[in-house]
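Q: I am new to this structure and should like to learn how its features are read. Could you guide me through them in turn?

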Amino acid sequence: GIVLVAINPYGQLPIYEQDVIYAYSGQNMGDMDPHIFAVAEEAYKQMARDEKNQSIIVSGESGAGKTVSAKYTMRFFAAVGGSASETNIEAKVLASSPIMEAIGNAKTTRNDNSSRFGKYIQIGFDKRYHIIGANMRTYLLEKSRVVFQAEDERNYHIFYQLCASASLPEFKDLGLSKYFYLA
């Protein structure tokens, strides 16, 4: 299959804006510069042409930008695939990212917002190739981070969000103020 090598610039670049999505939409692979949107467009076209499921595998080391690349791919599908209903499914898929990141991301020595698990995201399309739903599964969760924390690293973000809410009545029984991580 097609392989795209991308690097994480650790900052926002104008090469992922809406106008760039539309520039790659409908183009053939190789007609434009290599880009995550070109890979997404090729998968989208093959899905429509061959009526077969497609996969995009995003792989790399910690801090390489895998989660961001997956988000850009979903944004591309949301823009070109649209939604078959008024409920804006594509917006819901993209809106789930901050929740997903709070539960599974942590600060490491290489990345302040590093995903500590793999994600399998399945996006469903109808016969007109509009997004009709999505399913996300996680795997290889770093369970060791729950009981151990390396020097200069932080636990999962959700841990600190829970601790910030520790004074609320519904969280009192959790005993969150007892962790040495907070010292």
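The dialogue below treats helices, loops, salt bridges and paired strands.

Q: What kind of model is this?

A: This is a predicted model. Every value that follows is therefore computed from predicted atoms.

Q: How does one read the buried residues of a helix, and which residues of helix 6 are buried?

A: The general idea comes first. An α-helix has 3.6 residues a turn, so residues three or four places apart point the same way. In this structure, the buried residues in helix 6 are His 157, Phe 159, Tyr 160 and Cys 163. Viewed along the axis of helix 6, these buried residues fall within an arc of 160°, so they line one face of the helix.

Q: Where does Glu 153 lie, and is Glu 153 buried or exposed?

A: Glu 153 belongs to the loop between helix 5 (144-147) and helix 6 (157-164). Its relative accessible area is 16%. A residue is called buried under 20%, so Glu 153 is buried.

Q: Which backbone atom lies 3.4 Å from a polar atom of the side chain of Glu 153?

A: That atom is the backbone nitrogen of Thr 109.

Q: Which residues does the UniProt annotation "binding site" cover?

A: According to the UniProt record, an unreviewed entry, the annotation covers Gly 60, Glu 61, Ser 62, Gly 63, Ala 64, Gly 65, Lys 66 and Thr 67. Among them, Gly 63 lies in the loop between helix 2 (36-50) and helix 3 (66-81). Gly 65 is found in the loop between helix 2 and helix 3 as well.

Q: Are Gly 63 and Gly 65 buried or exposed?

A: Gly 63 has a relative accessibility of 8% and counts as buried. Gly 65 is buried too, with a relative accessible area of 15%.

Q: Which residues does Gly 63 touch, not counting residues up to four places away in sequence?

A: With those sequence neighbours left out, Gly 63 touches Asn 8, Tyr 10 and Asn 111.

Q: How should salt bridges be read, and how many does the structure hold?

A: Side chains of opposite charge can pair when their charged atoms come close. The structure holds 2 salt bridges. In one, the side chains of Arg 49 and Asp 50 meet at 3.1 Å, N to O. Arg 49 is exposed, with a relative accessible area of 57%, while Asp 50 is partly exposed at 36%. Another salt bridge joins the side chains of Asp 126 and Arg 128 at 3.7 Å, N to O. Here Asp 126 is buried at 18%, whereas Arg 128 is exposed at 55%.

Q: How does one read a pair of strands, and how many bridges join strand 3 to strand 4?

A: In a regular strand the side chains alternate between the two faces of the sheet. In this structure, 8 bridges join strand 3 (residues 118-125) to strand 4 (residues 131-139), and the two strands run antiparallel.

Q: Which residues of strand 4 are the bridge partners of Tyr 120 and Gly 124?

A: Tyr 120 has Arg 137 as its bridge partner in strand 4. The bridge partner of Gly 124 is Gly 133.

Q: Which residue in the hairpin of strand 3 and strand 4 takes a positive phi?

A: The hairpin has 5 residues between the strands, and Tyr 129 takes a positive phi near 65°.

Technical notes:
Residues numbered from 1 in each chain as written. Predicted model: local features only at pLDDT ≥ 70, side-chain atom pairs only at ≥ 80, totals over all residues. Heavy atoms only, no water. Helix = DSSP H or I, 4+ residues; strand = E, 2+ residues; numbered from the N terminus. Buried < 20%, exposed > 50% of the residue type's maximum accessible area, 1.4 Å probe, protein only. Polar contact = N/O pair within 3.5 Å; in protein donor to acceptor, adjacent residues only side chain to side chain. Arc of directions from axis to C-beta. UniProt positions renumbered as here; feature names shortened; annotations may be inferred. Contact = heavy atoms within 4.5 Å. Salt bridge = Lys/Arg side-chain N within 4 Å of Asp/Glu carboxyl O. Pairing = 2+ DSSP bridges.
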